[in-house]
Amino acid sequence: MRPLVPLALTLLITACGDGESLSPPDARLPDGGRYRGEVVNGLLQGQGRIDYPNGSWYAGAFLNGQWHGQGEWHGSNGEVYRGDFQQGLFHGQGTLSANGTTYTGTFKLGRRDGEGTLKEPGQTYRGEFKADQYSGAGHLELDDGSDYQGVFAHGKPNGEGVRSDASGNQFTGTFVNGELEGHGTFSSSEGDQYIGDFHGNQLQGRGRYESAEGDVWIGQFKEGALTGEGEMFGSDGSHYKGRFDDWHFAGPGSLSLADGSSYVGTFDNDTYDGRGTLTHKDGEVETGLWTNGQRVRNAEGKLLPDTLELGLLNQGALLEKALAAVPASTNGEIQLYSLTLAGDGKQSVFMREADYVNHMLASRFGAVGQVNLVNHRDHLNDRPMASRETLSRAVQTIAQRSGAEDLVFIYLTSHGTHEHELVLDQPRLQLSDLQPDELAAVLAPLKNRDKIVVISACYSGGFIPALKDEHTLVMTASRADRVSFGCSEESDFTYFGDALFAQALNETDDLQQAFELARKHVAEREAADSFEASDPQIWAPKGVLAHWQRLRQQQAKRALQSAALSAQQAKSTASH
């Protein structure tokens, strides 16, 4: 039996681990607890340990029969506390873990009280506590990325503070029971800013809201929107003063537009609606009854013809005239045909840009057959409209009139969507947007023609996979997952349109070099404006690049011959 003696001694002296000692207790308590440690005058004193019948235990310092001083408590429910005790309660500095939560900090009479850190499932709080609740200065962080830093009371934000949500939006001001109340500020992750009154975390009362683009709204806000009397100052120079309903012009008001025109009267959903007077920049005045942005009766109440209906009646003739002007190719020489399209008729920048490119292709690059399709709120009656069908007919006409040796230049400018659609929008009409595979199908009649397709729109890089082939050079204003910039009413160009046509192609006629210059210009401008880079894209087959160079060489040769002939004629005239 002798070799077993050391093992037996080891078991007997085990006292302060997680398991209860096998040695006899020094005292048995009325509640069934078994105590091992010092006993002075019948009271637990000094260092000791109590094991309770339910499996919980305490080990540490005792004073006059109570936990007092440094100790460690393990509850049968999994609760664990290590730290200071006073008169049997957590008191002083300690760490308490229970049910997935951990608190490290100051306790007072058994409760979290004072400075501490509480980590719970989904959130962490660092700051002051009182009676187990957040109270005083603190910082609450949630696992979704949102947080609040400021003053707490009764467990909730109460007082001055800053709250940020998971998207990066930030609210600053006075909080009452967790909600922003009274005067405060809001900053969105996109750069919008609001200064004014709040109620229940929403914009409510008098305030000023400025968008990242520079548009400003001032007035009465209700449930998060400008509703009531207010003003709007557009970044394009426009100015509205009057009634609003959920951010929209609604009711009596006055509007001055960036083009110099002005309207005074009644609005509904941002459009002229009701009695009003429109004064054009040239001084022409239109007074009467308006419906959905159109004057339907004059000042005397006489019913007027609908400009939309008149425009639609003219569209067939306008398109026929434009297509009839496309000449047939002449054999032998390379000729350039062009097609330009302005897609969104609510903003003038696209029409201005398409017109500039159309003129440039004729004057600088010698385009002989041109079609220009334009959507614009004021030109349905005198410009052929941009739709999938008019685009298709224009392509078919160019395919029929051009020859195999010719080049085709196509420029499309508009808004673009996340789904890689080119927006086609004529106000008061419902047009379908143009998807990449649909554009590829529209261009099918030109499949054997070398062509340059340039698309200035957000997310336009998404068109390249559907369009690229050995006969098609494609340039886009952005990557498939990026926006492009410059689509504002007062602008003459988008950023990409300006960089490529107004700058790069006026410096060089090499398409590849022009694109690289344009990409550099765009990147510099976006960096200066603190915008995310749009990252323009290109697909450039060598055969199309070479074809373009042959066109330019042919045009240069013809220009030299023409100059020589003119000089000869001038000399002959002078000799006579």
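Counting Ala, Val, Leu, Ile, Met, Phe, Trp, Tyr, Cys and Pro as nonpolar, Asp, Glu, Lys and Arg as charged, and the others, Gly among them, as polar, the lining of the second largest pocket divides into 5 nonpolar, 3 polar and 1 charged residues. The model looked at here is a predicted one. The pocket in question, the second largest, holds about 160 Å³ of space. Its lining is made up of Leu318, Lys321, Ala322, Ala325, Asn358, Gln370, Val371, Asn372 and Pro384. Two elements, α2 (307-324) and β27 (367-374), each give two or more residues to that lining.

Helix α2 is also home to Gly316. With a relative accessible area of 41%, Gly316 counts as partly exposed, because that label covers values between the 20% limit for buried and the 50% limit for exposed. Gly316 and Gly105 sit 211 residues apart along the chain, and their C-alpha atoms are separated by 80 Å.

Strand β27, the other element named for the pocket, belongs to an open sheet of 6 strands. The order runs β27-β26-β28-β29-β30-β31, and the pairing is mixed. At the edges are β27 and β31 (537-539), each of which pairs on one side only. From one strand to the next, the twist averages 10°. On its paired side, β27 runs parallel to β26 (residues 336-342), with 7 bridges between them. Within this pairing, Leu341 has Leu373 of β27 as its bridge partner. Packed on the sheet is helix α4 (residues 388-401), which touches β26, β27 and β28 (407-413). The direction of α4 makes about 175° with that of β26.

Elsewhere in the chain, β14, β15 and β16 are linked by antiparallel pairing. Strand β14 (residues 170-176) is joined to β15 (residues 179-187) by 7 bridges, and here Phe171 is matched with Phe186 of β15 as its bridge partner. The hairpin of these two strands leaves 2 residues between them, and Asn177 takes a positive phi near 50°. Next along, β15 pairs with β16 (residues 193-199) over 6 bridges, and His183 stands opposite Asp197 in β16. This hairpin has 5 residues between its strands, and Gly191 is the one with a positive phi near 110°.

Notes
Residues are numbered from 1 along each chain as its sequence is written. This is a predicted model: local features need pLDDT of at least 70, side-chain atom pairs count only at pLDDT 80 or more; totals for chains, interfaces and linings use all residues. Side-chain values use heavy atoms; hydrogens and water are left out. On a 1 Å grid over the protein atoms alone, a cavity is a set of points where a 1.4 Å probe fits but cannot get out, and a pocket is an open set with protein on both sides within 12 Å along at least five of seven lines; lining residues have an atom within 4 Å of a point. Grid points are joined across faces, edges and corners, and a volume is the space filled by probe spheres set on the points. Helices (H or I, at least four residues) and strands (E, at least two) are DSSP runs, numbered from the N terminus. Two strands pair if DSSP finds at least two bridges between them. Axes are lines fitted to C-alpha atoms, for helices over the stretch in contact, and angles run from 0 to 180 degrees between N-to-C directions. Contact means heavy atoms within 4.5 Å. Buried means under 20% relative accessible area, exposed over 50%, partly exposed in between (1.4 Å probe, protein chains only).
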